[in-house]
Amino acid sequence: MSSLPEFVWLNGRVVRTSEARLSPFEHGYTVGNGVFETLAFREGGFVALERHHVRLIHSCAALGLPVPPLNDFRAALMEVMLANGMSEARLRFTVSAGEGPPATTPTDGLPTMLAVATALKPWSPTESVVIVPWTRNESDPLAGIKSTSYGGNVRALAYARQRGAGEAIFANTRGLLCEGTGSNVFLVRDGRVLTPPLSSGCLAGVTRALVVESSGAIEQDIPIESFVHADEAFLTSSTRDVHPVAAINGRALAVVNGEATQR
């Protein structure tokens, strides 16, 4: 337990991690019926807090879960961070369906809401990625939803790490570039910055949106082979920010942390 934060925020109050309790019939655990947001607090403020709350609203609506008001969302994150004595943190807020039968029938109890603060660790200067042999289903009801059903991501990331990479990249069922396990993907071809559209099944990443808005990146369908042969590429996420890609499937890119990535 020593590597875990001392306190968490659970259902409206801060409690010691060692004393926090969830029902063994919690649907977030038994059937993965939950959603979450991960964001950063750095340099005295939350990064894009309102955008994360808007996405939480969308995810909760997709699964029929209640969503905390913005002020409660902000307060829970601040309380858990301060309780652990952190001035910067990686913050996660989870909403799950609560207690119910160990089956996929809907619950009729109260939802579970949990906020956790952990250390905001730096990433390596560049990242290597591997395309995995499994696909994202762009027609799945959870496509684009930040769901707690992360088993596929865990398996894919293990596959990538076994091959010396730090992130796994998915194509979708149409053979088009989709996303990473916890990141969105951008590439540069012939001077143009490209990224898959949301119709690819990728998550509507908050940092992705900020990059598209500020850089004029083009959202378009991208065959997975085009990603393999990108001139330059980078990942985005709320903790990675903009993270240069150095290699794809073991092939070093011609340009790493080039002009487009730096811009």
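# A walking tour of the model

Start with the open sheet: 6 strands lie in the order β2-β1-β6-β5-β3-β4, with antiparallel pairing. Two strands pair if DSSP finds at least two bridges between them, and the strands (E, at least two residues) and helices (H or I, at least four) are DSSP runs, numbered from the N terminus. Before you click on, note that this is a predicted model, where local features need pLDDT of at least 70 and side-chain atom pairs count only at pLDDT 80 or more, while totals for chains, interfaces and linings use all residues. Residues are numbered from 1 along each chain as its sequence is written, and side-chain values use heavy atoms, leaving out hydrogens and water.

**Stop 1: the sheet and its helices**

Select 13–16 and 45–46. These are β2 and β4, the edge strands; each has a single partner strand, so one side of each is left without a neighbour in the sheet. Now add residues 7–10, strand β1, which pairs with β2 in the antiparallel sense over 4 bridges. Pick Trp9 and you'll find its bridge partner, Val14, in β2.

Next, show α2. This helix packs on the sheet and touches β3, β4 and β5 (contact means heavy atoms within 4.5 Å). The direction of α2 makes about 175° with that of β3; such angles run from 0 to 180 degrees between N-to-C directions, with axes fitted to C-alpha atoms, for helices over the stretch in contact. Then bring up α3, which lies across β1, β2, β3, β4, β5 and β6 and runs at about 130° to β5.

**Stop 2: the nonpolar cores**

Select Leu77, Leu91, Phe93 and Val95. They have the most contacts inside the largest nonpolar core, which has 24 residues. A nonpolar core is a set of buried Ala, Val, Leu, Ile, Met, Phe, Trp, Tyr and Cys residues joined through side-chain atoms within 4.5 Å. Buried means under 20% relative accessible area, exposed over 50%, and partly exposed in between (1.4 Å probe, protein chains only).

Colour 34–42 (β3), 49–63 (α2), 70–83 (α3), 89–96 (β5) and 112–118 (β6): each supplies at least two residues of this core. The largest share, 5 residues, comes from α3. Apart from this core lies another, of 18 residues, among them Ile169, Ala230, Ala233 and Val245.

**Stop 3: Ser200**

Jump to the loop between β11 (192–195) and α5 (206–215), where Ser200 is found. Is Ser200 buried or exposed? At 1% relative accessibility, it counts as buried. The side chain of Ser200 reaches the backbone oxygen of Pro197 at 2.7 Å. Beyond its neighbours within four places in sequence, Ser200 is in contact with Glu138, Asn172, Leu177 and Cys178.

While Cys178 is on screen, look at its sulfur: the closest cysteine sulfur, in Cys202, is 5.5 Å away, too far for a bond. Cys178 is buried, at 0% relative accessibility. A search of the whole structure finds 0 disulfides (pairs of cysteine sulfur atoms within 2.5 Å).

**Stop 4: strand β13**

Finish by selecting 232–237. That's β13, and 6 of its 6 residues are buried, so the strand is largely enclosed by the rest of the structure. Glu232, Phe234 and Thr236 point one way, and Ala233, Leu235 and Ser237 the other.

Add 184–189, strand β10, which is joined to β13 by 5 bridges and runs antiparallel. Val188 has Glu232 in β13 as its bridge partner. Lastly, show 241–248, strand β14: β13 and β14 pair in the antiparallel sense over 4 bridges, and a hairpin joins them through 3 residues. The bridge partner of Ser237 in β14 is Asp241.

How values were computed:
Polar contact = N/O pair within 3.5 Å; in protein donor to acceptor, adjacent residues only side chain to side chain.
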